[in-house]
Amino acid sequence: MTAQVVTADVVVVGAGPAGSAAAHYAASAGLDVVLLERAAFPRDKVCGDGLTPRAVGELVRMGVATDDDRWSRVRGLRLVADDRAFELPWPELASFPSYGLALARTSLDEVLARHAAASGARLVERTAVRGPALDERSGRVVGVVARPLDDAGRAAGPDVEYRAPVVVAADGVSSRLAVAVGLTRREDRPLGVAVRTYYRVPAGSPWHGGPAAEWMESHVRLWAGEPRRSAPLPGYGWLFPLADGTVNVGLGSVHSTPARQSAAGHDYRDALARWTAGLPPEWGLTPGHRVGPVRAAALPMGLNRSPLASRGLLLVGDAAGMVSPFNGEGIGYGMQAGRLAAEAAADALASGSPAARERALTAYDARVRAELGGFYTLGRWFTRLIEQPALQRVAVEHGLPRRAVMDVVLRLFADSYEPHGGDWVDRVVATAARWAPAA
């Protein structure tokens, strides 16, 4: 049976933040956009649910309303190093907002997908993309072949071919589309893992509307009980409070290569359980208050696929390995890449010849690397350093208490600094990112 054919200017596969941003901007530019999503909203994704000022800036640029009571406003980052805590308000910058936000991915992704649809994109849920549609002569990607699904995730009809001159792959860390055209993951890029769950804390907990709820809290060293007196645990921990009274609690770990992560052989679910069991009981982070399963996901970092544009296919978000090695955050970068991909698609479709169209798409790869490549290289170097236990110990015990060090750490961990001008900290970070080789 011949598959049904649906035509568009741009097909975006995956309605996470990166894909929805690409669909929004492409539709806003007047292009006919189809946005395909395997699940039906609302659906969950493993994430810390915290949005740095960089990510908030992308929401503002998109025109997403964030003033209702679903969103939790965050003052800054609280770094906890053993028995010491450092509260670091987000910097006042011209290029980014001075606040962060928190919203569960079950809500955030739906908000962004519906926003893209309101901008004119055709959102198609419960649709599993099986692979790319290729031009027989050139091998160029000219669309995707997808299968509609029912509520249980089973095939619900014949395949549909969505054809378009530009396809954006926002289909996650495994990226079926990228693999199908030979864009395999690089083994010299960092890889992280995140394990998280949710707790609904009781009244009286500092995380229940108290001062602690105004901060994203990150524990840079983990212990099974009292710091320095109990067993050390792998990775770093976080506690991100949400507006509905729940707290996203998780553990993350990053290694400079996938091989190093495999060699580590840690049981991160067990480490999360042991760490939370050792936290103060008055926080309410006990099994009886847990309201969600423990889920895990890989974090592809440092632009781990290359090139980002190939034969009509553009990679954004996790499909391109756009998670920051500094803090495990990928939402802001994914949305930024979605914006750049949409601009490249609009330029390509306005070009007068096939050669000019290909140049416009290829320019997407160069632009992403120009804007983010140096910063990701700094992140790779940072990852290699923190893999050394002695260096990590010196940094935590002697570096964090120094204000100058903390100012630099905040810019790196917040993903937010002035690219031009700013104070001395901005200039140091921006200069380092410019001089570092592009990832």
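Threonine 127 sits in strand β10, which runs over residues 127-134. Keep in mind that this is a predicted model. Is threonine 127 buried or exposed? Its relative accessible area is 5%, and the cut-off for buried is under 20%, so threonine 127 counts as buried. What surrounds threonine 127, once we leave aside neighbours within four places in sequence? The contacts are Leu36, Glu37, Arg38, Ala146, Arg147, Pro148 and Tyr162. There is also a polar atom on the side chain of threonine 127 that lies 3.0 Å from the backbone oxygen of glutamate 125.

Go back one residue, to arginine 126. Arginine 126 is in the loop between β9, residues 122-124, and β10. Its phi is near 50°, a positive value in a residue other than glycine. For context, most residues other than glycine have a negative phi. The relative accessible area of arginine 126 is 34%, so this residue is partly exposed.

Aspartate 82 is another case to look at. Phi is positive here too, about 60°, and aspartate 82 is not a glycine. You will find aspartate 82 in the loop between β6 and β7. Which is aspartate 82, buried or exposed? With a relative accessible area of 9%, aspartate 82 is buried.

Next, two peptide bonds. As a reminder, most peptide bonds are trans. The bond from phenylalanine 41 to proline 42 is cis, with omega near 0°. Proline 42 is located in the loop between β3, residues 33-36, and β4, residues 50-51. Serine 306 and proline 307 are also joined by a cis peptide bond, with omega about -5°. Proline 307 belongs to the loop between β20, residues 295-300, and β21, residues 309-310.

Now two loop residues that have partners far along the sequence. Alanine 8 lies in the loop between β1, residues 4-7, and β2, residues 10-13. Its relative accessibility is 10%, so alanine 8 counts as buried. How far apart are alanine 8 and valine 166 in sequence and in space? They are separated by 158 residues in sequence, and their C-alpha atoms are 8.9 Å apart. Not counting neighbours within four places in sequence, alanine 8 is in contact with Asp32, Val34, Arg122, Arg163, Ala164 and Pro165.

Alanine 8 is also where an annotated span begins: the unreviewed UniProt entry gives "domain: FAD-binding" for residues 8-189. In the model, 23% of that span is helix and 30% is strand. The C-alpha atoms at its two ends are 35 Å apart.

The other loop residue is arginine 75, between β5, residues 72-74, and β6. Arginine 75 has a relative accessible area of 44%, so it is partly exposed. Measuring along the sequence is not the whole story here. Arginine 75 and alanine 213 are 138 residues apart in sequence, while in space the C-alpha to C-alpha distance is 9.4 Å. What does arginine 75 touch, not counting residues up to four places away in sequence? The list is Pro89, Trp90, Glu214 and Trp215.

On to a helix. Which residues of helix α10, residues 403-413, are buried? They are Met406, Asp407, Val409, Leu410, Arg411, Leu412 and Phe413. An α-helix has 3.6 residues a turn, so residues three or four places apart point the same way. In this helix, Met406 and Leu410 are both on the buried list. The elements that cover the buried residues of α10 include β6, residues 76-81, β7, residues 84-89, α8 and α11. Just after α10 comes aspartate 415, with a positive phi of about 60°.

Two of those covering elements, α8 and α11, come up again in the last item, the second largest pocket. How much space lies in the second largest pocket? The volume is about 540 Å³. Of the 23 residues that line this pocket, Arg54, Gln336, Glu371, Tyr417 and Pro419 are the closest to its centre. Four helices each supply at least two lining residues: α2 (53-62), α7 (331-349), α8 (354-386) and α11 (424-435). Which element gives the most to the lining? That is α8, with 7 residues. By class, the lining has 10 nonpolar, 6 polar and 7 charged residues.

Notes
Residues are numbered from 1 along each chain as its sequence is written. This is a predicted model: local features need pLDDT of at least 70, side-chain atom pairs count only at pLDDT 80 or more; totals for chains, interfaces and linings use all residues. Side-chain values use heavy atoms; hydrogens and water are left out. Buried means under 20% relative accessible area, exposed over 50%, partly exposed in between (1.4 Å probe, protein chains only). A polar contact is a pair of N or O atoms within 3.5 Å; within protein, one must be able to donate a hydrogen and the other to accept it, and residues adjacent in sequence count only if both atoms are side-chain atoms. Contact means heavy atoms within 4.5 Å. On a 1 Å grid over the protein atoms alone, a cavity is a set of points where a 1.4 Å probe fits but cannot get out, and a pocket is an open set with protein on both sides within 12 Å along at least five of seven lines; lining residues have an atom within 4 Å of a point. Grid points are joined across faces, edges and corners, and a volume is the space filled by probe spheres set on the points. Ala, Val, Leu, Ile, Met, Phe, Trp, Tyr, Cys and Pro count as nonpolar, Asp, Glu, Lys and Arg as charged, and the others, Gly among them, as polar. UniProt positions are given in the numbering used here, feature names are shortened, and annotations may be inferred rather than shown by experiment.
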